[in-house]
Structures are given as structure tokens and as C-alpha cells.
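Me: I should like to learn how to read several features of a protein model. Could we take them in turn, with the general idea ahead of each case?

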Amino acid sequence: MRELLQNWINDADNIRHLRLFAIPQTPINIAHVANRPQDFYISLVGELFSCLHSPDTSRSDWAQLGNAFLQFATEMSDDQLGQYGISKEDSMLFAATSFYFGNYPASAYLTMRRCSRPMDNQSLLSGCFDFLVRPPELQSTIALEARSAILSGDQGQIDTLIRALDDTARNALNEGPRTWVVATLLNRLIQNFGTSNLRAVLPDGNNGFWTPLVSSLVNRQPPTWEFFPSQIEAINGGLLLSGDTFSLQMPTGAGKTTLCEVLLYSHLKRHPNDVAVMLVPYRSLASELRGSLVPRLNALGIASRCAYGGTVPVGDELHELDNVQTIVATPEALSGLLGADPDFAGRIGLTIIDEGHLLDGAGRGISLELLLARMKGHPGRATRFVFISAIVPNVEEINTWLGGEDQTVIRSTYRPALAEFAALQTEGRGVGRVINLKMHPQESADRQFIIDGFLGRSDFLYINPESGRQKTYDFNSIKTQAIAAARKVLPMGSTAIFAANKRGSQGAIGIAQSLVVQLQIDLPMPRPNDFSRQDKLIQSIAYLQTEYGSDWIGTQSVQHGFVLHHGDIPQESREVLEGLIRDQDVKLVICTNTLAEGVNLPIRTLVLYSVQRRYGNGQVQNMLTRDIKNLVGRAGRAGANTKGLLICANPDQWELVQPVAMQSPGEPVTGSLYSLIELMTGFISRNNIALDNQFLENNTIIHPLVDGIDSTLMELLSDEVNEDEFIESAKQLAAQTFAAAQLTNIPSDNLRKIFSLRAQRIVALQSSGRAAWARETGAKIRLIDSVEQTLLPMRDNWSEDIEQIVDDIRTSVFQWAWTHRELRETVKDCFRLGENDDVENYRERFFAIAQLWMSGMRFRDIAETLTLQMDDLLGIYTTGISFSLQTLVEQGISLLAKRLEIEEIEISEGVRLFPENLRFGVPNNASRILAATGVRHRSACVALGTALENNNLAGNDNETRLAAAQSLRTYAEQWRSTLGELVYQNTLSDLA
């Protein structure tokens, strides 16, 4: 691009931002731009013509050109455009053309969608409109023929269209420049369509084998006619036809979910007796896929379901597992399924690992690596792995570990939306402080510009209602500046403020509290409620008030038009909040790294408040470059925004963000197992500790390692294998881990020794017949002695037919759970106790929360009853009850049932179902059935289940669901009043 025009575009962009940010003064050095729109527009048109003739135009130049045209179309009134003789429709057309030629088809789609449909359905422009917008009702003959050709698989029809449009484009210049642009765009659309349409890319794509999938993709809204370049690279690389392990590095938003859908279809239609597993790291992502990918696969005749509850599967997770072809699961849920059904692992022919960089995750990395090692070493059959991550620089190493070859690594740099970077810069002190916004700080000087006075005293002036005097709101802190920056950019679209921490004044909760305080003062800045759909928020606010109370910061946030999103918020409520963001009912979200966990949200601007994690002891830890990169990928989603903007609010942290802006690959993934073995080796060496099973089972930090190894080794155990052979197999399995490929001598020896020690432990249990308990339940081996020696004697009669939540059972089970150090350590963390605080003093309070939870009491009422702050309660629930206590209880009860079988005693139904009542927080069997079979809102399960039980209407699973649905319809007004409109409507949908 010519330097003069480049500067002009920068200056125009600068002025645009000044206008959006309501900065009244235009710097004199760029003021001339605002007075010469005709000249600027003519220069852009000339550049467009030049670029259309040049095959070497960069994507960056095309993007700048598209955004410049878009400014004319969206930010000038019809009267202004008419005054300068500029057509809004032409500006839109030229913007869409620029985006499409720059390989930003999603941005071209968004731009053309703003245009009115051409009146002449047979015109070239109508063809462009239909090809880019893909409206439900196509009008142009060209688009109808192209759609028909995809559905039928008639590539000849597409070739005919290509030849005809090629001739039209060559002759179009004779009719005028605008016609030539339209014809050139349509010609490029058809040319690309010829090579990127579904049938052209799929192997032997015209074969009827693909017709159901193609029809599904073409007929959904919005439809999919073509593949992205990243998807094409993977398919052309052999992903669909090869049986080899593949690793894909695909940027966020590059079409990963659709590619997985195609892969699952391809594999399972060719291998109908196989099971395919899609491993996702978090419940939030599994929940999202439950509403999108899973129903689409079911509609294609591929029986699919989600599993993302506890470690022992229940309800739908186990129902008719023999007939399931696809499981979308978290690693712990899959591990539970493998334990509950030993034959299930032998059916797995394909395993997709999504967000694979979480091998390094502190919480789940070890269990994920050992689960994959377990699946690699399964004696029945080898599964094919497909490893996917946007940010792993050493993906080749992981691919080799999983069994892939050099040619089965697919790297794509394609990103469907442009990401821009900016940083706040402070000048002056006190009330004279000015915060400027430096745009494109990582790029060459000719692309950079500074928005002077982005924030300053004038933004923080207000009238004190009591004194009537003007005051200045203190804006010296980075937090206040980050919040103000987010408010300033709201006119540009959906905005997120990211904080690395959840709690404390510097965390997401503290930011939300500060924003609520700031919004109570009439500052001259955009307010989130001005950009929210108030009529859409009413139901959500009522729901949050009912569940958590009006004083909770999460409720206050939505009342003020924004969302607070973090990991302690229960899953059902996170889904409600995510729905508000996804539907753009709110335009501002304050979040932690939950934003980067794969959930697809339409974020236009991301304000990075802090990319440093702070701990209670004062320690500060910088986020990894690759984690920041993953976060940054969430801004500017394809189909939602033409570009994304990242603002670094803390100037001192720009050096942490800059490598991401400069496209640095980031840190390699080594895996949490590697890190733990290295750490443990140093610890036992310094303290001269013997490495034995007692050491392994008594140290909670090593439990994920011990449990993962045990589960892995159980796959190898059989009556025929002797002890020496089993220990040797264990050593060989240790060598299959990713850690083994990286560790040096002593740590590597320790890894093998740990596997050997656990093998010896399992052999000992095998000789006593107790190893089968763990194998058949998926429970942890290290719990067996505790169940037999401590839990079993706590009741004289575990077969007594009593209700599952009576205090007698609860007291016994909870008392046993408390004997485990891992639970006590978790409770200590939940209550944020110091080293010298006695966790015993908090035991009663912890179990009181669990008891009230199981009674069906709402969080609002639990907090009030126990005088707890809501955020404290949610932290205790999320980590202490729904994970640590739940895991212990469900595995303890499952092992207890196996122990009682020795004496031919059947554990009572009430005891057997106790873990499910704890998991779902429900007081009776009907409530449990509703929760276990997919009713998402706990309050609905409790209220409906209790009503059914009281009226003797509960039965088996189907009978209970039918009775609940009938009650909702028959007594609609009463249930609306009881549940609230949001919960009522969602529950009707869940029971449909």
C-alpha cells in the first residue's frame, strides 16, 4: 500500500476512534482528514482497483482497506454521504470485496449482511449478496444453482458456473467500474467455491456417502457451503481417510468444531461399531457442545451424548452405553466410564483431544496425560488420536508421543478475523494525569498512532448530589483506568475485562464491585445498561435474585448491564450468563480465564487488566505467552466481528503481551507429569526420603499421579499375568508417557519406580480379590483400605432400606470422608486458612453447607442461614463439595457396595443413590431422576420432584419425566410463579 494512503487510513482510523470515544478535540495534524472525505474515498477506490489487479496484496492491506470502506458505510449519515456523492451500498460492497479478497470471508459476510437485498434477483450483485450472506431464502439463480450442485454433488454444474462468470468478469469493465468490481467479486466467489466447497474438499466428495453430512451443513442456519483454509489443510493432509494419529494447530475461530463434526461423521460411518471420544477439558465446553455438536450428530444417525459429571457415571451417562457411538466428555468423566464398563475402552477407535495444551494444566494435566497413556496402552486395540490446540509450539513432539508421524502434523496460521493491539500510556500525575491509547504498538512506525487524551480528568468529573459541587473521581489506579477503558470502547461492540485472579480487589470480583460503585456516580462515560437489552435481562435478574440474592455481586452486575463470569459460579448459572453474552443481551463481561476455555463468545474488545496471577503469600506469577495467546484468540470471533481489539491496561505488563502481538510461538508444553516428577525428585533427594507406596499415598500433591497410574495399570491386569510380568508391563507403560520422553536419568528412574510400586500394590490387592473392586467401579485404589477398615464399620447394616439423605447415612459417610487428608487440605484452601489455623474448627461448618445443599436449599438461603458471604459460599461449594467431597463419596460408596458383595449383601438403594443426591443437591428420588436425566436447573428438580413425591406421581425415569412435564403444562401459572419464567421455560425445553 502506498505510504500516503497508509497514513491517511491511520489518520481516519484515529479520527474514528476519537469519535467513538467521545473525545471532542481532534489533533490539528489530522484535522484535514475530516475535511476531505471525497478525496479519501476516491483514493480508497483507486487502491481497491489496484489491489484487485495485484495478486501480491497482503492480507493486512486488504483488511485495512475493508475497514476504511466500512467506516464510510457505517459511520456517516445518508445525508453526509449524499453530500459527497458517495453511495452507502457501494461502500459496503467495496468493503466486502476487500475483506473477501483478503481471505476474511466471515468479515465479508458481516459486511454484506448490512446491505439491503438487490431488487434485481438475476443481477450479479444479487449473486454476491446470496453467496456472502447465505440467507434462508436464496433469490439469485447463480446461488441457487451452486447450492443445488453441492447437495447433488454435481461438480460439472459448478464448473459451468465458473466458466460463465470468468467470461462475465472479463467483459464487465466495458459496463463501468462498479459493475467490474461486482463481477470480479462474484467471479472470485465462484472460483474459490469451485475448490473450497464441501464436495470439492471432501475425499471423493461427490459420493453419496457424504450426502447426509453435506445436507446437514448446507441446510442449517447459518449454512456452511465451504471449508475454511485451515480445515482444507487438515482434510487435504489426510485427516479423514488416514488411520494415523494427527495433531492440528488451529487458531481460535478457524473452524475446529465443524472439522471435528466432519471427522466424527467420516470415522463412524465407516466404522459403525467403533466409539469416538471427544475429550474437552471443562464442563462449560462440554455443555456448549451438548447443545450444538451432539444434537447434530444424533440427527445424522450417530448416537451421541455428553458426560461431564463426576468420576462415577450416573443416569444418562451409563444408559444404553453399548449403543452410543460418540461421547463428548471431560477426562475425569471418561475415566469413570472406562472403569464402569471395561469393554467400552476396547470399542474406542478415535479420540479427539481438544484444547490439548492443557497437558500442562496444574489441575488436570497429569490425569489427562495418564488417561492418554492408558488409552495408548490398551491391550485390546490401539485408538487413533487427533490432538488439537491453538497454542502448542512443540506440537510435533506431542504428535510423535501419541504415535503420529511428521507428515501428520497440520499447522495453520489462518485466522478469520484480524486482531489489533493497543496499550494505555500515562502522562502526568494526580488530576492532571492523561491516559493515551497507543494503537498497534508492536508494528512499524507507519502503522502506529496515538489517541491522545483517551482518558483524562474530564471523564471522571461529576456533581456531588449532596453539595452540588463538582468533584473528580479518583482515577489513579490501573483498575479504574481499565474499567473506564472498557466503558469507553463499548460503542465498538461487546467488551471483556480480563483479570488473572478471581478474588481480591485485583481480581474479577473486585473489578465488578468497583464498576458497580463507579456506575452509581454519574460520570460522563458510556454505561453498560445503555448497550444492554433491558427487556431480555428481566428474567435473568429475577433468576439470579432468587438463587443468590440481590446483594450478590453477580446479581448486581446484571442489574447494571454487565456479566461477571468465573469458575466458582455453578454451571447452570454460567450457562445463563453465557447466553446473555452470546445473544448480545449484554455487551460487557468481567471474567477470569474461563473466557479462554473454549466457550464461543462474541467479544469485540478485550481489556487485559492483568496478566499476572497474585497469590495470598504475595507471590506474583506471570502468565505464559501461550496462555495469553489463547486468551487473545477470543477477541474478534468469525461471524461476530470484522476484527478484534486487545488493550493492555497496565503499561508495565506490555512486555508480557508484546510477544503475543508479535506472533511469538510461546513456551513449549512439557506436561504436568514431567513437572511433578522433577519436583518430587528434588524433594526426596534433598530430604533423603525413601520412595515407597506409603510416601505416595500420604502426599496429597501426588494423588493425581498415583490415581492416574493406578487406573492405567488396571487396564493391564488379568488373572493370567504373574507379578514379574505385570511389573515389567508397568515399566513399559511408564515409558509411554510424554514425561518419559523428556526426563533425564534420575527423574526417569523415579517415574519407572513409581509405576513399579503401584504395580506391586495392585498385585497385592489382586491376590486378596480386592483389585476387582476398583476395576469394576473406576474408584481409586488407595481408597480400598479406608473403605474396608473405616467406612464399613461405621454402620451395622448398610442394606437397611432407608431414604438416601437421612442424617444417619450422611453422618457416617461424611465422617469417613473427613478422615482423608485430601479433603481436609481442600477445606483449608476453601476457607483460605493460614498454616497455623486448625481446619478441625471448620469441619462442622463445611458439612452444614453440604447438608443444606442436599436438602435442596438455594445458595441464597444457605448463605443467610450460615451467615456466609455468597462468593465465599460458592468457592467452598465449587471446590470443596462438588469436586473433592463428591469424588470421595461416590467412589467410597461404589467400593463399599463391592465389599458387601463378598458377604452377599446388597447395599440399600438409599445408600447407593446417596452420591447422586450429593452431586445434584436434591432431597428425594424424583428430584434426583430429573437432575440425572438432563433438567439443568436444580431449583426445578427440587420443586418438581418434591411435588411429584408428595402426590405419589413419581416412578421410573420416563414416568417421572412425563409426570413433571405434564404438571408444568397443567399448572403453568403456578409453576411460572414458583420457578420464575426463565427456569420454567428452560425446564419445559429440557423435558421435551
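Reply: Certainly. Please bear in mind that this is a predicted model. Let us begin with disulfides.

Me: How many disulfides does the model contain?

Reply: In general, a disulfide is a covalent bond between the sulfur atoms of two cysteines. A pair of cysteine sulfur atoms is counted here if they lie within 2.5 Å, and by this rule the count is zero disulfides. Cys115 is in no disulfide, and the nearest cysteine sulfur, that of Cys128, is 10 Å away.

Me: Why does Cys128 form no bond with Cys115?

Reply: The closest cysteine sulfur to that of Cys128 is in Cys115, and the 10 Å between them is too far for a bond.

Me: Are these cysteines buried or exposed?

Reply: The cut-off for a buried residue is under 20% relative accessible area. Cys115 counts as buried because its relative accessibility is 9%. Cys128 also counts as buried, with a relative accessibility of 0%.

Me: Let us turn to the sheet. What is the order of its strands?

Reply: As a general idea, strands of a sheet pair through backbone hydrogen bonds, either parallel or antiparallel. In this model, seven strands form an open sheet in the order β3-β4-β2-β5-β6-β1-β7, and the pairing is parallel. The edges are taken by β3 (304–307) and β7 (409–411); each has a single partner strand, so one side of each is left without a neighbour in the sheet. From one strand to the next, the twist averages 15°.

Me: Which strand is joined to β3, and by how many bridges?

Reply: The partner is β4 (residues 326–329), which runs parallel to β3 and is joined to it by four bridges. Within this pair, Arg305 stands opposite Ile327 in β4.

Me: What should I look for in the backbone angles?

Reply: Most residues other than glycine have a negative phi, and most peptide bonds are trans. In this model, the peptide bond from Gln221 to Pro222 is cis, with omega near -5°. Pro222 lies in the loop between α13 (211–219) and α14 (229–236).

Me: Which residues other than glycine have a positive phi?

Reply: Among them is Glu355, with phi near 50°. Glu355 is placed in the loop between β5 (348–353) and α19 (365–376), and its relative accessible area of 6% makes it buried. Another is Arg832, with a phi of about 50°. The loop between α36 (821–830) and α37 (843–854) holds Arg832, which counts as exposed at 52% relative accessibility.

Technical notes
Residues are numbered from 1 along each chain as its sequence is written. This is a predicted model: local features need pLDDT of at least 70, side-chain atom pairs count only at pLDDT 80 or more; totals for chains, interfaces and linings use all residues. Side-chain values use heavy atoms; hydrogens and water are left out. Two strands pair if DSSP finds at least two bridges between them. Helices (H or I, at least four residues) and strands (E, at least two) are DSSP runs, numbered from the N terminus. Axes are lines fitted to C-alpha atoms, for helices over the stretch in contact, and angles run from 0 to 180 degrees between N-to-C directions. Buried means under 20% relative accessible area, exposed over 50%, partly exposed in between (1.4 Å probe, protein chains only).
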